[in-house]
Amino acid sequence: MCRDLTRRTYLLAIACGDLATPEPLLARVHSSCVTSESLGGCDCDCAEQLDAALAAIAAAGRGVVFYLDQEGRGAGFVAKVRDRMLVQASGGRLGTFEAYAQMGLAGDLRSYEAVAAAYALLGIGAPLVLLTNNPEKLAAVTALGVPVAGSAALALPPSPFNRHYLAAKTAAGHRLAVTRAGAEAEPPEPVEIVTPYALAAAPSLMCMGSYWLPIRMRTDEAPTTHWIRLHAYVDLRAGASTSSSRTAIRRRRRCSCASSASRCWSVCPDASPTTRRVAMRRPCARSSRTARGSWSCSPIRAARPCSG
């Protein structure tokens, strides 16, 4: 296990077999997904890809998994929850990348510098064959100077619960062939967009979003799927989400384009060290003041978008 002191995140390397021999080595560069890997959520393919990668490495007798603390494609758990909320509230009209764009986020905020460092620390003597469907990940790891011999896809059949998500990844260039021409499961109740608000009984807790998560129950019999309502909260006193240490803290900041009655809201870059890499530090479109000193920050109670 390694800790990235600059980002305050962790990397876990799981190795199998001899890593020093020169033959190409199977490798999975995997980002955490608490909803699928811990809760059993089946609206994505993250846990399935991890299982398939571990099985491929076990069959080959050698390989490595680099497990990165990069929830929500690097944007954090709250961004992930709000992504799912926006998609469900749109009735499926939005895809995951469009939802990120609506939040002012790039589609993928992950970084892989820790993989290059771990590759050297483990003394790996072989080029990697990345187990991935994502050509951007392959290019990013290669650009860091990590020897890469190629890649192998982990294409898995879609289900009614993740077809929408996989179709969005296909449209974004992932090596998948999933379209929306098939059955798609719908949440049991409509989802409305939540504006972040403080709980009346605990003002330091901010509710950041909510959506329906399908959970696949694994039993001795055929697996069954149930829906649970997932909520994300941020504890302003602790400076982090109750669900993830890499969650962005939403705070309101005065915009230079507006009066005190009209403010922009975004992630405060001074909130805590864990939020400084979150790419939501956008001023209002009418403002040209982008320096950190241009904003006065205070916890929000009822955030709303800038009127400009």
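An open sheet of 6 strands runs through this predicted model. Its order is β1-β2-β4-β3-β5-β6, and the pairing is mixed. β1, residues 2–4, and β6, residues 148–152, stand at the edges. Each has a single partner strand, so one side of each is left without a neighbour in the sheet. On average, neighbouring strands are turned by 25° against each other, direction ignored.

Take the β6 edge. Its link to β5, residues 128–131, consists of 4 bridges. The two strands run parallel. One residue pair shows the register: leucine 130 has serine 151 in β6 as its bridge partner.

Now add the helices. Helix α5 spans residues 113–121. α5 lies across β1, β2 (9–16), β3 (25–31), β4 (63–68) and β5. Against β4, helix α5 runs at about 140°.

Helix α6 covers residues 135–143. The strands that α6 lies across are β3, β5 and β6. Its angle to β6 is about 165°. β3 and β5 therefore appear in both lists: helix α5 lies across them, and so does helix α6, while β6 is the edge strand with one side left without a neighbour in the sheet.

Finish with one residue of α6, threonine 142. How accessible is threonine 142? Its relative accessible area is 41%. Buried would need under 20% and exposed over 50%, so threonine 142 counts as partly exposed. Threonine 142 and leucine 128 are 14 residues apart in sequence. In space, their C-alpha atoms are 9.7 Å apart.

Note on methods
Residues are numbered from 1 along each chain as its sequence is written. This is a predicted model: local features need pLDDT of at least 70, side-chain atom pairs count only at pLDDT 80 or more; totals for chains, interfaces and linings use all residues. Side-chain values use heavy atoms; hydrogens and water are left out. Two strands pair if DSSP finds at least two bridges between them. Axes are lines fitted to C-alpha atoms, for helices over the stretch in contact, and angles run from 0 to 180 degrees between N-to-C directions. Contact means heavy atoms within 4.5 Å. Buried means under 20% relative accessible area, exposed over 50%, partly exposed in between (1.4 Å probe, protein chains only).
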